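Trainee: Please take a close look with me at one part of this model, the cysteines, and then set that part in the context of the whole chain. I would like the cut-offs stated as you go.

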Amino acid sequence: MQLFPHEVADVQPVLDLLSRQDPKDTETWETRYMLLLWLSMTCLIPFDLSRLDGHLESDGGKSREPIMDRILAIAKSYLVVSDCSRDAASVLVSKFMTRPDVKQKRLGDFLDWSLMTITQTNDQSMTDIMVLDGALQSLAKLYKHGKREDLLQYAPTVLQCLEKKHLSDSSQAMLRKLGVKLIQRLGLTFLKPRLAAWRYQRGSRSLAANLSMSQTTAVTAAVSPDVETREQEEDYDIPEEVETVIEHLLVGLKDKETIVRWSAAKGIGRVTGRLPKELADEVVGSVLDCFSFQETDNAWHGGCLALAELGRRGLLLPSRLTDVVPLIIKSLTYEEKRGACSVGSNVRDAACYVCWSFARAYEPKELQPFVSQIASALLITAVFDRNVNCRRAASAAFQENVGRQGTFPHGIDILTTADYYAVGNLSNCYLNISVYIASFPEYTKAMIDHLVEMKINHWDGVIRELSTKALHNLTPQAPDYMATTVLPRLLPMAVGMDLLGRHGAILACAEITHALYKLGLQTNKTVVDIISSECVDGLKNIHQMLHDRKQYRGFGGELMRPAVCGLIEKLSLSKLPFKNDPVITGWQWLIDDTIKTLHLVSSGAKDGIMTAVVSALSALCEEYYQIQPGQADPQMQDVLVSQYTEGLNSPQMLTRCGSALALGSLPRFVIHSKMKQILEGLQQMCTVSQKEGSFPEARRDAVRAIAQVCVTAGVDTHGSPDSVLCSENVSEVYGTLLDSMNDYTTDSRGDVGAWVREAAMTSLMDVTLLVAASNPEILSPNLVKCMMCCLVQQAAEKIDRYRAHAGNIFLRLLHSTEPAVPHIPHREELLSIFPPETTASLNWNAPSQAFQYITQLLGLTQYQYHTLLGLTVSVGGITESTVHFSSQSLFDHLKGIQHNSVALTQFGDTLLSIFRDNLRNDRVAIPFLKMLNQMLANSCFEIFTTQENHQFCVDLLTLCKEIKKSKDISKLRACISVFCGLIQFQGNVRKKVLSQLLMLLCHSFPVIRKTTASQMYEMVLTYDDVIDPEVLDDAMTILSDTNWEDDIPTVRTHRNQLADLLQVPRPQVIAKSPVN
């Protein structure tokens, strides 16, 4: 604002320009805003405004208004507008009304006007809200910038008016904020402007200055106020109105809006700074009353802000820290559950601000007794808080304390690990940073206790799960504490009534037990040696108690089932001595029942439950179903394999998925002698459901399971097909996986077969690398060729994700040296196209990069068919970038073989083979016709067009005739375009093409007739040798002027005229033979 011109000569022009503005013009509010700010600067000129008036009588004899009144009138008029000019007008009032000449003559009147405006308006209508806003703003700024002696006489009246208005009850947050702001300014007016001599001072605010001066001197100066000033302060009378002001500000601390609470907190700090010590202490006590669990989160937040302001200003004496610090520690973990979520992140953030302000306000010796509590609480918030802003605020507060206090244990070491950026990632905080911090004994137990008390029963499932994993990672830091204190505390929670606490406690028991088992391995101790027998029994009884209470049902069951499955897995891995115990039967029942009832679970929880069940089954079998190492319990083996193979035929899709994954997770000794039965079940389910086009997710999981079974069982060339992957069953396994590579099932969700293809690609890679590593001789050249061709086809297709997956697997198999995959066709040529560095540099997701490599495979005989088949759906697709780059790369390849008749003929034959094989397959046929149309339009077969009746054209025409019988409009349209492109071929074939087009001119679908006429019109213009020039105009007229959507007899007349002009026999209508 100081940059505005503010000479005496500027007053009149700005005033005149402002007078000519229209306050209701919404387009020019910026002009009015800037003019008001400019006027607020020019009205500060150090001359009496009456000097600028001159002669008040104008030439016409009428009296002119004085400048002072004009400015005041403009200010008042803009205080009631609805745009931002209102804010600028309040600035103008604060500058203008505090001028010596104006305050003498107009201040009282203006205050009367303001109070009358406040009294007469309400906050029900939008207009009144704007007027009230302007009046309150102007008064708040006036009391901020005006002199105390000028405004003190009016302050009681203003306060009385505000009390009657009850602004704290208004529904408008901005009015409540302005009310608080004005009340605090009135409070400061009532009190003399002085710095409280009793306040606590900690030397310089500059860290450098603090470090440079002697610490002892600073302390002495801080805590030894002059006795005389203290006596003067005691004599100072406090007006009664101050109590009212403080009461309003304390109410403002509990307001529901942050802006009101923040303004009230600053007001508390400012007013308290002018009070005597005893009264100030009472205010602090009132602020501390906000920290009651009867109060809302708003009160806690306001209280934290107020404490931070008091501390920052030195008004919170060290003697009060014993009361304040415990409340701040509570605030750092404050969280109140509301429905499905919680509130309190703002309280925790404000508590961090309090800790930050204390670091700057107090000497290290004052905070020394509380260092341990504050440091632990700040680190717990910095690492375990759900809200990233709170974690970062706590990290910043900890950093400030380390720098200014210098007493926080291991502060610098922790800061380098838990800095602002590191705490941004929640998983990193829980799983890594927490372990480092807990390695310092001062923080270990505090962190563990916080997780157990506050986090494993958190409303957010992600936090609960991370907390249990954190407890697993923290167990090595305090194993005895975990075993003797934490685990016994968790077991009652694991069977308690609180669902969320039960969920977290079960997972925590599992993780801690497993961590203790791993620690025991280092000292040759079992889990039973480390934890008490009561804990072992408690862990064993969890399932039965939940089952008896029917807590596996309903919504709670969605949490309990995966939690107990996690418990089963971890207890099995921990080798608890439950072999042949009835609890194993109960655990197996839970796993089986969960697989059977997965379809009853809500969609969001299904994947998590499935993963937990499969992991639990695998661990359970490994530990409890072996008679001796490597030999399964025959009875359980038969039951498990039969049960899950039967589940593959369930009418429920998710039961099929669960059964397939369960079979895939079985350990080697269970698969032994049952592999044939397992593979047959999985293969049959894949084959049957693929034909029916149903259960795509089950096929995906079955394909994954086939690879898992093979990898688990191992490979032996001459082994039994009932126990290992061998020469007898390898072709069946590959046959199923290769068939799955051609799964193009679609439903309302789109190309769901892609899930199966993706799983098949991964499974093929796993099985191939497994076989190649130990028994490459059972891989026949034909199997490898089929696999590589299928991968190439997928790598040329249109969906980026699956193209990238196929491309990466193709390169992995090609470049694999340990083990090397045998019998890859054209290996040397492939390595020259894809050198080893392409594995890292080639982005298969980007069509601009992928297709220029893929099209090079068209030159390799064994890959040509599948590459072109994959390219067909990309070039004939609808995604612009994919179509552009794939077609460009294809045409570049065709340009390279344009003069090589052998290569082009071979390419043409491959093209015809694809067309022939997919005539009835719309997924390929329609894109194929679109691709063919582009090829013909780009003259890709120019050397064929010079020969009469070239076989390629004859065969193509024959196949297109088949397509013409279709009732699919998109297919027919594509076919019309191809016919028009085939016209460029010479000989009798041209007459046949024209004959086909003429038939389409009388097609039963009007839209096809119209499209054919339009395409023929363009064809005649493009290829000028098709029609005799003498009849060209007549033919063009018939094509363009005829209404081809008329009834067929009318259209047929015009079509026959056109046939005569083209010298093509008129197509004859074939009479349908009557049906007997």
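Mentor: If a disulfide is taken as a pair of cysteine sulfur atoms within 2.5 Å, the count comes to 0 disulfides. C789 forms no such bond because its sulfur is 6.8 Å from the closest cysteine sulfur, that of C786, which is too far. C790 is likewise in no disulfide, and its nearest cysteine sulfur, again that of C786, is 6.6 Å away. As for cover, I call a residue buried under 20% relative accessible area, exposed over 50% and partly exposed in between, using a 1.4 Å probe and protein chains only. On that scale C789 is buried at 1% relative accessibility, and C790 is buried too, with a relative accessible area of 9%.

Before going further, keep in mind that this is a predicted model, in which local features need pLDDT of at least 70 and side-chain atom pairs count only at pLDDT 80 or more, whereas totals for chains, interfaces and linings use all residues. Residues are numbered from 1 along each chain as its sequence is written, and side-chain values use heavy atoms, with hydrogens and water left out.

The record helps to place this part. An unreviewed UniProt entry carries the annotation "domain: Tubulin-folding cofactor D C-terminal" for residues 786-971; UniProt positions are given here in the numbering of this model, feature names are shortened, and annotations may be inferred rather than shown by experiment. In the model, residues 786-971 are 70% helix and 0% strand, and their end C-alpha atoms lie 30 Å apart. Helices here are DSSP runs of H or I with at least four residues, strands are runs of E with at least two, and both are numbered from the N terminus; by that rule the protein has 56 helices and 4 strands.

Next comes the backbone geometry. In general, most residues other than glycine have a negative phi, and most peptide bonds are trans. The bond joining E818 and P819 is a cis peptide bond, with omega at about 5°, and P819 sits in the loop between α42 (800-815) and α43 (827-833). N580, although not a glycine, has a positive phi of about 65°; its place is the loop between α31 (554-573) and α32 (582-596), and at 75% relative accessibility it counts as exposed. S673, also not a glycine, has a positive phi of about 70° and lies in the loop between α36 (668-671) and α37 (675-692), where it is partly exposed at 35% relative accessibility.

Three helical residues show how sequence separation and distance relate. V954 belongs to helix α51 (residues 951-964) and is partly exposed, with a relative accessible area of 27%. With contact meaning heavy atoms within 4.5 Å, V954 touches N949 and V989 once residues up to four places away in sequence are set aside, while R990, 36 residues from V954 in sequence, is 9.7 Å from it, C-alpha to C-alpha. I1038, in helix α55 (residues 1029-1041), is buried at 11% relative accessibility. Beyond its neighbours within four places in sequence, I1038 is in contact with W1044, H1054, Q1057, L1058 and L1061; the C-alpha atoms of I1038 and Q1057 are 8.3 Å apart, with their positions 19 residues apart in sequence. D917, found in helix α48 (residues 901-917), is exposed at 52% relative accessibility, and W1044 is 127 residues away from D917 in sequence and 34 Å away in space, C-alpha to C-alpha.

Finally, the whole chain. With bounds from an automatic or database domain assignment, the protein is divided into domain 1 (7-53 + 63-146), domain 2 (317-442), domain 3 (456-629) and domain 4 (898-1062), and the C-alpha centres of domain 1 and domain 4 lie 81 Å apart. The radius of gyration, taken over C-alpha atoms, is compared with a globule rule of 2.2 Å times the number of residues to the power 0.38: the protein has 43 Å, whereas a compact globule of 1076 residues would have a value near 31 Å. Along its principal axes the C-alpha trace spans about 115 × 100 × 65 Å. Buried residues nevertheless make up 55% of the 1076 residues, and among contacts between residues at least 6 apart in sequence, 72% join residues at least 24 apart.
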